[in-house]
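Colleague: Before this model is used further, I should like to examine the terms applied to it. Please set each value against its definition.

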Amino acid sequence: MDLQPLGDRLIVEALEDEETTASGIVLHDTAKEKPQRGRVLAVGPGGRNDKGEIVPMDVAVGDEIIFSKYGGTEIKLGTDEVLVLRETDVLAKVAGSGAKGSKKKELAGASA
C-alpha cells in the first residue's frame, strides 16, 4: 500500500539504535527507549501560511532526522511500522555522516 502524506506531514521509518550497551550488555526490547532517529520515506506538499499559500517543507525524501520522542502516529503497513509526523515534530535534520576524527564539532550555521 502506498501512502501520500497530506499538508505538513511526513512518513518516517524509525531507525533502531544498537541493542547492546557500551559495556556489552544486551538490552531486551522492553528496556529500550523509543527511537528518536529516522529516515524520511515520503513528504507532503507543505502547510499553509496565513495568506493560504503553501509553504514548502524543510525536509525531503531520504533525509535522516531527529524527531520528538513521543511525536507522531505509528502505522503498521504489512510487516513494516512507520510513523506519520507533522513537520513541527522534527527537531533536527542530520547534516551528514562524515568521518569521525579530530575535527572540531560545529553546529550547522554557527561561525566563530
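**Terms and values**

Modeller: In the protein, 22% of the 112 residues are buried. This is a predicted model.

Colleague: What makes a residue count as buried?

Modeller: Its relative accessible area must be under 20%; 22% of the 112 residues meet that condition. About 8700 Å² is exposed by the protein, and carbon and sulfur atoms supply 51% of that area.

Colleague: Why are β1 and β2 said to pair?

Modeller: Pairing requires at least two bridges. Strand β1 (residues 9-14) and strand β2 (residues 37-43) have 5 bridges in the antiparallel sense, so they pair. Ala 14 stands opposite Gly 38 in β2.

Colleague: Why does the term also apply to β2 and β5?

Modeller: These strands have 3 bridges, again set against a requirement of at least two, and therefore they pair, in the antiparallel sense. Here Arg 37 stands opposite Ile 66 in β5. The protein as a whole has 8 strands and 0 helices.

Colleague: Where is Asp 63 placed, and what makes its link to Ala 60 a polar contact?

Modeller: Asp 63 is in the loop between β4 (54-55) and β5 (64-67). A polar atom of its side chain lies 2.8 Å from the backbone nitrogen of Ala 60. The cut-off is 3.5 Å, so the distance of 2.8 Å is within it.

Colleague: Which residues does Asp 63 touch, not counting those up to four places away in sequence?

Modeller: Asp 63 touches Gly 38, Arg 39, Val 40 and Lys 93, where contact means heavy atoms within 4.5 Å.

How values were computed. Residues numbered from 1 in each chain as written. Predicted model: local features only at pLDDT ≥ 70, side-chain atom pairs only at ≥ 80, totals over all residues. Heavy atoms only, no water. Helix = DSSP H or I, 4+ residues; strand = E, 2+ residues; numbered from the N terminus. Polar contact = N/O pair within 3.5 Å; in protein donor to acceptor, adjacent residues only side chain to side chain. Buried < 20%, exposed > 50% of the residue type's maximum accessible area, 1.4 Å probe, protein only. Areas by Shrake-Rupley, 256 points an atom, 1.4 Å probe, with all protein chains shown as cover.
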